[in-house]
Amino acid sequence: MSTYGRLFAYLRPYRTRLILSMICSVGFSIFSGLSIYLTIPLLETLFGQGKPAAIGLPAPTSRLPEWFVEIKAELAEFFQRLLIGGSVEESLLKICFMVIAAFLLKNIFGYLQSILITYIEQAIARDVRNHVYRHIHQLPLAYFTNERTGNLISRIMNDVNLLNSGFTATFDTLIRQPLLLFVYLGICLSISWKLTLISFVVFPAVLLIITVIGFRVRKESGWIQERIADLTSVLHETISNVKVVKAFGMEGFENRKFERENLNYFRTLLRVNRIRGLSSPSTEFLSALAGAAIIWYGGLQVLEAQTMKASEFLGFLFAMFQLMPPIKELSSVNNRIQEASAAGSRVFAILDTQPNIRNAPNPRQLDEFAHSIEFRNVYFSYVQDDPVLQGIDLTIRKGEIIAIVGPSGGGKSTLVDLVPRFYDPTQGEILIDGIAVRTIDLKSLRDKIGIVTQETILFNDSVRNNIAYGLDDCPIEKVMEAAKAANAHTFIMEMPGGYESIIGERGVKLSGGERQRISLARAILKNPPILILDEATSALDTHSEILVQEAIVRLMEGRTSIVIAHRLSTVQHASTIVVLSHGRIAETGTHAELLRNANGVYKHLHDLQFRI
């Protein structure tokens, strides 16, 4: 299905408003034409030598269709009865009232149509953004590893705005302007079909120019959106990492990088605008040529052949020049549609990305965790033929504390990421209570797992809402209880707003230890039976580590815990220590058992950390 075909699917809920906007467009066009047509009797009344105007049109010729001649005669008779009667002053007053009424109704219909079409456009933009945002949450972590954050933001914001412009072009310009053209063209034909034909000899050239420029604009529009995405990415990365930028004195480097991307965007934008700008002046110049030909030929009909009244010729000119704005609008509408089409392709590229981590048909519910987590011959690769995990066989029984240790890059974090199905094994399977995790409902699975990582993920919200994240209407008493268990209650109460204090983006107003304790409080409040701790204390000072470690001990009570740690001192009391090296399990055992293997990886890591 084409991009626009897919966009029309978002229109269905707003069909009633679209129909009403079309009706308003028809009303606007009719009364616009009437306001112009009334200039003929007005001029006849003003310059008719003191007699009321006789509303008539040139005698029909045999070359005009009979139905057209009849309609024209009926309209002339209607205006004759409506406007003519009484003195010149009375006729002039009637015409003035008619002009006022025509302009009033024209603007009422125009206003209503504008309100309706704006609602439709903005509602569709809102729906597209919501759809893309919901879809993004369904995509696996691997997608975000390969996509720039700034690029995604640009697509959701800038590209959807361009789509909105395309809807304006389609449902406003392509409905209202052709109607106006039809009305004004009807007036012109009713006055002189010969003059009208002369006016439109220029149209084929105009359409050719519009088509060529439109195709070029669509091609270049895609480059504009790419440049915006690059610019947004640089902004996002710099602002997110401003502390590192300042620490390394890289302000000049970042300024140059931003200026380079900004210059690329500037040049691309100028190139597109140069192409787009050719459309309107080309159309206007060709229209001016047609206008000169009309004035010359029409003037001859009035002055020499006397086949047309001066008032009719002026009315014709008024109607013809009213054709220019719709023609100019239509000359640019193709450019806007092509830009919107290019933007739509980028937006739908996100929606067309199918998540490879999804629920199986008729997934099973994990009501409780009862027995064990089992890895059976598990392999995993981020890139084909480059395995991160190889042949992992491991059983974690309920209530055990399993520590995962080993050199950096050994696959520790990847191993635990497979349990909540952030990724799926490329070979082998993982089972919980004998059920393959691929067959378990994702929400049901992740509800049973609490995760605390080295990089604490907090939101620019209150302390309370960060702790109660994902829990609706959670009582403050439970939030405080969880904070106390995480050794966080004391410092929270010292904050100006207590639990309602806003902690800033990513918790920037808190220290590292405080952020980690908020994260632990969140995990405690969730109360999951399975707990994953990924380097939860590695970035903390000694005092903060003690406080966090105490909270972790409380958190692990009665839970099955998988702990990743570089500091071996924090895992000495684990039920089992699993040593990963080069993606394989090198050793397993308790702290004491592993130390007895003089040539083992664990003994080597231990000696490096505790050497004097």
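# Exercises on a predicted model

Residue Asn377 is part of strand E1. The structure is a predicted model, and the exercises below begin with this residue.

**Exercise 1.** Describe the backbone and the exposure of Asn377, and then those of Asn362.

*Solution.* Step one concerns the backbone of Asn377: its phi is positive, about 50°, although the residue is not a glycine. Step two concerns exposure. The relative accessible area of Asn377 is 33%; partly exposed covers the range between 20% and 50%, so Asn377 is partly exposed. Step three turns to Asn362, which is located in the loop between helix H14 (324-351) and E1. Asn362 is likewise a residue other than glycine with a positive phi, near 50°. Its relative accessible area is 74%; the term exposed applies over 50%, so Asn362 is exposed.

**Exercise 2.** Determine the order of the strands in the open sheet that contains E1, and state which strands lie at its edges.

*Solution.* The sheet has 4 strands, arranged as E2-E1-E4-E5, with antiparallel pairing. Strand E2 (386-397) and strand E5 (435-436) pair on one side only, which makes them the edge strands. Inside the sheet, strand E1 (residues 372-383) and strand E4 (residues 427-432) run antiparallel and are joined by 5 bridges. Within this region, Tyr379 stands opposite Gln427 of E4.

**Exercise 3.** Analyse the hairpin made by E9 and E10.

*Solution.* Begin with the pairing: strand E9 (residues 576-581) and strand E10 (residues 584-589) are antiparallel and share 5 bridges. One pair of bridge partners is Leu580 and Ile585, the latter in E10. Next, consider the turn. There are 2 residues between the strands, and His582 in the turn has a positive phi of about 55°.

**Exercise 4.** Is helix H20 largely enclosed or largely open to the outside? Relate the result to the largest nonpolar core.

*Solution.* First, establish the extent of the helix. H20 (residues 512-526) has 15 residues and spans 21 Å between its first and last C-alpha, close to the 21 Å expected. Second, consider burial, for which the limit is under 20% relative accessible area. Of the 15 residues of H20, 11 are buried, so the helix is largely enclosed by the rest of the structure. The buried residues include Gly513, Arg517, Ile518, Leu520 and Leu525. Third, note the residue that follows: Asn527, just after H20, has a positive phi of about 55°.

Fourth, turn to the core. In general, nonpolar side chains of soluble globular proteins tend to be buried together. The largest nonpolar core has 41 residues, and those touching the most other members are Val463, Ile467, Ile492, Ile518, Leu520, Leu533 and Ile577. H20 contributes the largest share of this core, 6 residues. A second, separate core has 31 residues, among them Leu366, Ile430, Val437 and Ile532. As a final step, examine Val463: leaving aside residues up to four places away in sequence, its contacts include Ile492, Met495, Tyr499 and Ile518.

**Exercise 5.** How many cavities of 30 Å³ or more does the structure hold, and which residues line the second largest cavity?

*Solution.* A search of the whole structure finds 2 such cavities. The second largest has a volume of about 30 Å³. Its lining consists of Phe375, Leu394, Ile396, Ile404, Leu415, Val416, Val419 and Ile562. Finally, assign the lining to elements: E2 and helix H15 (412-417) each supply at least two of these residues.

Note on methods. Residues numbered from 1 in each chain as written. Predicted model: local features only at pLDDT ≥ 70, side-chain atom pairs only at ≥ 80, totals over all residues. Heavy atoms only, no water. Expected span 1.5 Å × (residues − 1). Buried < 20%, exposed > 50% of the residue type's maximum accessible area, 1.4 Å probe, protein only. Core = buried A, V, L, I, M, F, W, Y, C linked by side-chain atoms within 4.5 Å. Contact = heavy atoms within 4.5 Å. Pairing = 2+ DSSP bridges. 1 Å grid on protein atoms, 1.4 Å probe; cavity = no way out; pocket = protein on both sides within 12 Å on 5 of 7 lines; lining within 4 Å. Points joined across faces, edges and corners; volume = space filled by probe spheres on them.
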